[in-house]
Amino acid sequence: MSRHDDDKPDDDSGLFRRVMADARPLQQDSRAPEHKEKPKPRARFFRDDEKAALSETLHGDIEEIETGAGESLRFNRPAVGKQTMRKLARGNFSVQNEIDLHGLTVPEAKNALREFVSESCYRGHT
């Protein structure tokens, strides 16, 4: 009978010592590893892209920028006639008033917009 046959199956610590008997510690470097701060990741051409986009929006043709493919984007409700759409496209309307809805909830914005439109109609803004 070998000496391993006498081992009890539940003697894990003895088994571990025997299995690890030939193991030797690894050589360690006495210096602590250097930890260099990694640079924060950033897009390589981010600034150039931002400048190009800004320049394009400031100096480019707005219809060409918005469509890209040549067709202009238009939408109108059935209640808005073709003549009104033509006037809009030709720039026959000017801004007569404006409203800021930032920070409002949807119900608040709807009420504010109703009041704004009513007031604008009352003043004769078209």
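I take a helix here to be a DSSP run of H or I of at least four residues, numbered from the N terminus, and with that in hand I note that Gly-124 lies in the segment after H5. The model I am reading is a predicted one.

**Overall make-up**

I looked up the secondary structure of the protein first, and found five helices and zero strands, so that, by the way helices and strands are numbered from the N terminus, the elements can be written α-α-α-α-α. I then turned to the surface: of the 126 residues of the protein, 3% count as buried, while the accessible surface comes to about 13000 Å², of which 52% belongs to carbon and sulfur atoms.

**Confidence**

I noted a mean pLDDT of 77 for the protein, with 77% of its residues reaching 70 or more. Where is confidence lowest, and where is it highest? I found the lowest in helix H3 (residues 62–67), at a mean of 57, and the highest in H5, at 91.

**Helix H5**

I checked the length of helix H5, which covers residues 106–122. Because a helix is expected to span 1.5 Å a residue, its 17 residues should give 24 Å, and the end C-alpha atoms are indeed 24 Å apart, which agrees.

**After H5**

I returned to Gly-124, which follows H5 and has a positive phi, near 85°. Is Gly-124 buried, partly exposed or exposed? I record Gly-124 as partly exposed, because its relative accessible area is 49%, and the upper limit for that class is 50%. I also looked at how Gly-124 stands to Gln-96, and found the two 28 residues apart in sequence and 10.0 Å apart in space, C-alpha to C-alpha.

**The salt bridge**

I had in mind that side chains of opposite charge can pair when their charged atoms come close. How many salt bridges does the count come to? The count comes to one salt bridge, and I found Glu-119 forming a salt bridge with Arg-123, with the closest N and O atoms 2.9 Å apart. As for accessibility, Glu-119 counts as partly exposed because its value is 36%, whereas Arg-123 is exposed, with a relative accessible area of 54%.

**A nonpolar patch**

I last looked at a nonpolar surface patch of about 360 Å², which is made by Ile-99, Leu-101, Leu-104, Leu-113 and Val-117. Of these I followed up Leu-104, which is found in the loop between helix H4 (82–90) and H5. Leu-104 has a relative accessible area of 37%, and I therefore enter this residue as partly exposed.

Key:
Residues numbered from 1 in each chain as written. Predicted model: local features only at pLDDT ≥ 70, side-chain atom pairs only at ≥ 80, totals over all residues. Heavy atoms only, no water. Helix = DSSP H or I, 4+ residues; strand = E, 2+ residues; numbered from the N terminus. Expected span 1.5 Å × (residues − 1). Patch = residues over 30% accessible without salt bridge, like charges linked within 9 Å, V, L, I, M, F, W, Y side chains within 5 Å. Areas by Shrake-Rupley, 256 points an atom, 1.4 Å probe, with all protein chains shown as cover. Salt bridge = Lys/Arg side-chain N within 4 Å of Asp/Glu carboxyl O. Buried < 20%, exposed > 50% of the residue type's maximum accessible area, 1.4 Å probe, protein only. pLDDT = per-residue confidence, 0-100.
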